[in-house]
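Got your viewer open? Let's take a short walk, one selection at a time.

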Amino acid sequence: MTLNDLLTDELRDLYDAERQLIAALPLLSQAANGSALRAAFESHLEETQTHIIRLDEVFGLMTANPAGPRSTGMAGIIAAFRVGAAHRAPLPADLDGAVRDAALIASAQKAEHYEICGYGTCAAWARTLGLDEIAAKLEETLEEEKAADQTLNDLAEQEVNISATHEEGV
Ligand code: ZN
Ligand code: FE
């Protein structure tokens with residue numbers, strides 16, 4: 001197995017992870033109480049669609065098929081979101097208000113960090129292999145994942161965590 005093969009496998013994991021997020025982000029948005037948090041999830045959903053298009057371009061440049069096994073890493077992170085009507089153990093009803101939003105931000109940041117890790121690795125391998133056009137696309141997405149993570153961080157620290165501190169439990 002070559003580093004190029006390893007890169008292809010890791011890109012397939014990211015491709016499936018992004019597709020899982022397309023389904024999960026609307027559920028996070030529905031579960032959020034604050035309008036700023038809902039807007040952050042919705043704008044990252046749009047970016048995620050761009051990430052999939054970019055990965056399609058990357059697979060085109062590599063003349064590789066994007067289909068691969070399910071990203072069990074991202075599946076585990078999304079299962080822990082506990083959002084959506086289909087979830088067997090949804091978030092408890094008494095987890096509400098800003099405390100609920102603090103929990104949703106924590107969950108979403110785990111997904112962002114998974115992606116930051118994957119894109120960071122793939123971009124570095126692509127650079128090393130001399131695949132500069134591919135590396136540039138991956139770095140572009142990497143920066144957007146980092147920015148999305150930072151937006152959630154700012155929202156938590158400047159607003160949600162502070163409100164959550166002052167909320168009485170239900
Ligand atoms: Zn993404
Ligand atoms: Fe993301």
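The tour goes from the metal site to two loop residues.

Before you click, note that this is a predicted model, where local features need pLDDT of at least 70, side-chain atom pairs count only at pLDDT 80 or more, and totals for chains, interfaces and linings use all residues. Residues are numbered from 1 along each chain as its sequence is written, chains are lettered from A and ligands numbered from 1 in the order in which they are written, and side-chain values use heavy atoms, with hydrogens and water left out.

**Stop 1: the metals.** Select the zinc ion (ligand 1): E18, H51, E115 and E145 coordinate it at 1.8 to 2.6 Å. Donors here are N, O and S atoms within 2.8 Å of the metal (3.2 Å for Na, K and Ca), and since water is not among the atoms, sites may look incomplete. Now add the iron ion (ligand 2), 3.4 Å from the zinc ion (ligand 1); E115 coordinates both.

**Stop 2: two of the donors.** E18 lies in helix α1 (residues 3–31) and E145 in helix α5 (residues 132–165), so this pair ties together parts 127 residues apart in sequence. Helices are DSSP runs (H or I, at least four residues), numbered from the N terminus. E18 is buried at 0% relative accessible area, and E145 is buried at 0% too. Buried means under 20%, exposed over 50%, partly exposed in between (1.4 Å probe, protein chains only).

**Stop 3: the loops.** Most residues other than glycine have a negative phi. Pick T63, between α2 (35–62) and α3 (72–79): its phi is positive, about 45 degrees, and T63 is exposed at 74%. Finish at R82, in the loop between α3 and α4 (97–128). R82 has a positive phi near 55 degrees and is partly exposed at 34%.

Definitions and conventions:
Helices (H or I, at least four residues) and strands (E, at least two) are DSSP runs, numbered from the N terminus.
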